[in-house]
Amino acid sequence: MTREIKFRVWDGVQKAWQYLFLERGGVRFLYTKNTPIAENCERWLQFTGLKDKNGKEIYEGDVIHYDEPMANNPQTGTIIYSVGDAGFVMEHSDYLPPLKWNIEIIGNVHESPELLTPNHPTGE
């Protein structure tokens, strides 16, 4: 079984995502606006290998929402890579919730930073 190694970068000037992935023999770039990945792109965000309940790929920097079934405790948080855990986790947590909890991407740190504020209805 192979794992897809994909990344996306936010182009702050064009306000668009640019995607690329690693494949045998090198890196393959996918462009959203037929422009190369430029210096104005911020850090690379990696694909987790997982998809949300709607089939959307989950990347670092995505803001997710889910309901813990037994706790009746809705949660919202940002996906990050944890060096200490050697994997993807939800920020301020030590795990990534199971997909069976109906994880849904509701935004990301670049296009919807308002979701990260504590007073937002879906904020922590």
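**Figure 1. The β6–β7 hairpin and its turn.** In this predicted model, β6 and β7 make a hairpin with four residues between them. Look for N72 in the turn: its phi is positive, at about 50°. The two strands run antiparallel and are joined by six bridges. To get your bearings along the ladder, find V63, which sits opposite T78 of β7.

**Figure 2. On to the next hairpin, β7–β8.** Strand β7 covers residues 73-82 and pairs with β8 in the antiparallel sense, this time over four bridges. The hairpin here also has four residues between its strands, and A86 is the one to check for a positive phi, near 55°. Two cross-strand pairs are worth picking out. Y81 faces F88 in β8, while I79 has M90 of β8 as its bridge partner.

**Figure 3. The whole sheet, strand by strand.** Stepping back, the hairpins belong to an open sheet of four strands, ordered β8-β7-β6-β9 with antiparallel pairing. Which strands sit at the edges? They are β8 and β9, each of which pairs on one side only. From one strand to the next, the twist averages 35°.

**Figure 4. The largest nonpolar core.** Nine residues make up this core: I58, I64, Y66, I79, F88, M90, W101, I103 and I105. Strands β6 (62-68) and β8 (87-90) each put in at least two of them. Some names will be familiar from the hairpin view: I79 and M90 are bridge partners, and both are core members. F88, the residue opposite Y81, belongs to the core as well.

**Figure 5. Around W101.** This close-up picks one residue of the core, W101, and asks what surrounds it. Setting aside neighbours within four places in sequence, which residues does W101 contact? The list runs Y66, D67, E68, P69 and Y95. One of these, Y66, is a fellow member of the largest nonpolar core.

**Figure 6. S112, after the last strand of the sheet order.** S112 lies in the segment after β9 (104-108), and β9 is an edge strand of the sheet. Is S112 buried or exposed? It counts as buried, because its relative accessibility is 9%, and the cut-off for buried is under 20%. As for its company, S112 touches I106 and G107 once residues up to four places away in sequence are left out.

Conventions. Residues are numbered from 1 along each chain as its sequence is written. This is a predicted model: local features need pLDDT of at least 70, side-chain atom pairs count only at pLDDT 80 or more; totals for chains, interfaces and linings use all residues. Side-chain values use heavy atoms; hydrogens and water are left out. Buried means under 20% relative accessible area, exposed over 50%, partly exposed in between (1.4 Å probe, protein chains only). Contact means heavy atoms within 4.5 Å. A nonpolar core is a set of buried Ala, Val, Leu, Ile, Met, Phe, Trp, Tyr and Cys residues joined through side-chain atoms within 4.5 Å. Two strands pair if DSSP finds at least two bridges between them. Axes are lines fitted to C-alpha atoms, for helices over the stretch in contact, and angles run from 0 to 180 degrees between N-to-C directions.
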